[in-house]
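Trainee: I have a model open and would like to go through its sheet. Can we start with one pair of residues?

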Amino acid sequence: MEYAILWLQRLLRSGDVLLENDNIKILSPKSDIIFKLLFGDERSVEFLTDFLKSVLRIPEDDYGEVIIVNPFLLQDYDGDKLGILDVKIKTKSKKIIDIEIQVKPTSSMKERVVFYSSKMVTEQVGSGGKYQQIKKVISIIITDYILIADSPKYHHRFTLYDRENNVEFTDIIEVNTLELNKLPEVADGTSLWEWMKFLNAESKEEFDMVAEKNPVIKKAVVRLAELSQDERTRMLYESRQKLEWDIWSREREAAQNTMLSVAKNLLSMNMAVENIVIATGLTHDEIADLQNADL
């Protein structure tokens with residue numbers, strides 16, 4: 001642990017190479033559990049505020065009071081449960097902001113975002129409540145896969161909008177999408193690019209580069225290094241990774257069994273093997289095994 005302490009001390013006082021010790025394995029900041037430990041902790045309001053400023057178009061005064069509604073406490077986290085890990089914030093003017101990160105493709109993601117946004121609106125109006133009391137709700141969805149297929153841009157802002165007449169109905173509900181896999185390699189001069197690059201970083205050189213560009217991100221890198229040295233955090237991270245892998249494996253096995261069943265039915269209908277390969281995505285060898293099993 002001594003080398004880690006020395007490295008962190010050097011990082012705090014200089015702009016030198018950040019991750020020079022090969023024994024230090026920095027955990028990925030785009031892992032949902034690490035993301036929440038970074039941005040959902042009350043001690044991380046500075047990181048959170050700087051990130052929000054890079055994404056949103058809200059008055060500067062709103063950042064005068066940023067409250068994490070559901071502060072993440074490490075000791076309360078159950079690593080055996082796979083839930084949606086997000087960060088909820090209230091601003092000075094009571095705007096409600098929800099941040100979620102999804103690394104793996106999730107079915108019906110857009111519908112789910114609309115549902116949660118609507119829920120954040122309806123929760124504000126109790127029995128006999130007044131609609132005028134409704135404050136703006138903002139969702140920030142970070143994905144590591146293509147969510148908006150019709151555009152090459154990595155950041156989109158959606159509201160209720162009439163595209164034909166170029167008129168916005170209301171921005172009471174706002175959805176911001178950030179797609180990590182669309183991030184250009186070359187910086188575009190925005191702090192949002194720097195934060196996205198931080199989330200996407202995989203090498204020492206990438207963390208080094210982005211920390212030198214932004215002093216707040218440099219502090220986030222220091223915090224990330226501290227988390228990476230914490231044994232319990234690493235256990236939670238590894239447990240989370242294993243759980244996600246197990247779920248993916250089960251889903252893949254179920255899909256494979258379904259395709260095998262479909263292929264078997266198509267073989268019974270005397271469909272050409274080449275067409276079955278195209279229809280199911282199975283290999284010629286897998287279909288041949290099915291044919292041999294019926295002999």
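Trainee: Which residue in S3 does Lys88 stand opposite?
Mentor: Lys88 stands opposite Asp98 in S3. Strands here are DSSP runs of E with at least two residues, helices are runs of H or I with at least four, and both are numbered from the N terminus.

Trainee: How should I read the numbers and the model?
Mentor: Residues are numbered from 1 along each chain as its sequence is written. This is a predicted model, where local features need pLDDT of at least 70, side-chain atom pairs count only at pLDDT 80 or more, and totals for chains, interfaces and linings use all residues, while side-chain values use heavy atoms and leave out hydrogens and water.

Trainee: Back to the strands. In which sense do S2 and S3 pair?
Mentor: Antiparallel, over five bridges, with S2 covering residues 86–90. Two strands pair if DSSP finds at least two bridges between them.

Trainee: And what is the order of the strands in the sheet?
Mentor: The order is S1-S2-S3-S4-S6-S5, in an open sheet of six strands with mixed pairing. S1 (67–68) and S5 (155–162) stand at the edges with a single partner strand each, so one side of each has no neighbour in the sheet.

Trainee: What does S4 pair with?
Mentor: S4 pairs with S3 (residues 96–102) in the parallel sense over seven bridges. Seven bridges also join S4 to S6 (residues 167–179), again parallel. Ile142 of S4 is the bridge partner of Ile101, and Ile142 also stands opposite Leu178 in S6.

Trainee: How many residues of S4 are buried?
Mentor: Seven of its seven, residues 137–143. Buried means under 20% relative accessible area, with a 1.4 Å probe and protein chains only. Val137, Ser139, Ile141 and Thr143 are on one side, Ile138, Ile140 and Ile142 on the other. In a regular strand the side chains alternate between the two faces of the sheet.

Trainee: Which strands does H4 lie across?
Mentor: H4 (residues 109–122) lies across S2, S3, S4 and S6, at about 155° to S4. Axes are lines fitted to C-alpha atoms, for helices over the stretch in contact (heavy atoms within 4.5 Å). Angles run from 0 to 180 degrees between N-to-C directions.

Trainee: New topic. Where is Leu183 found?
Mentor: In the loop between S6 and H5 (191–200).

Trainee: Why does Leu183 count as buried?
Mentor: Because its relative accessibility is 12%. Beyond its neighbours within four places in sequence, its contacts include Tyr154 and Trp193. Leu183 and Tyr154 are 29 residues apart in sequence and 5.9 Å apart in space, C-alpha to C-alpha.

Technical notes: Buried means under 20% relative accessible area, exposed over 50%, partly exposed in between (1.4 Å probe, protein chains only).
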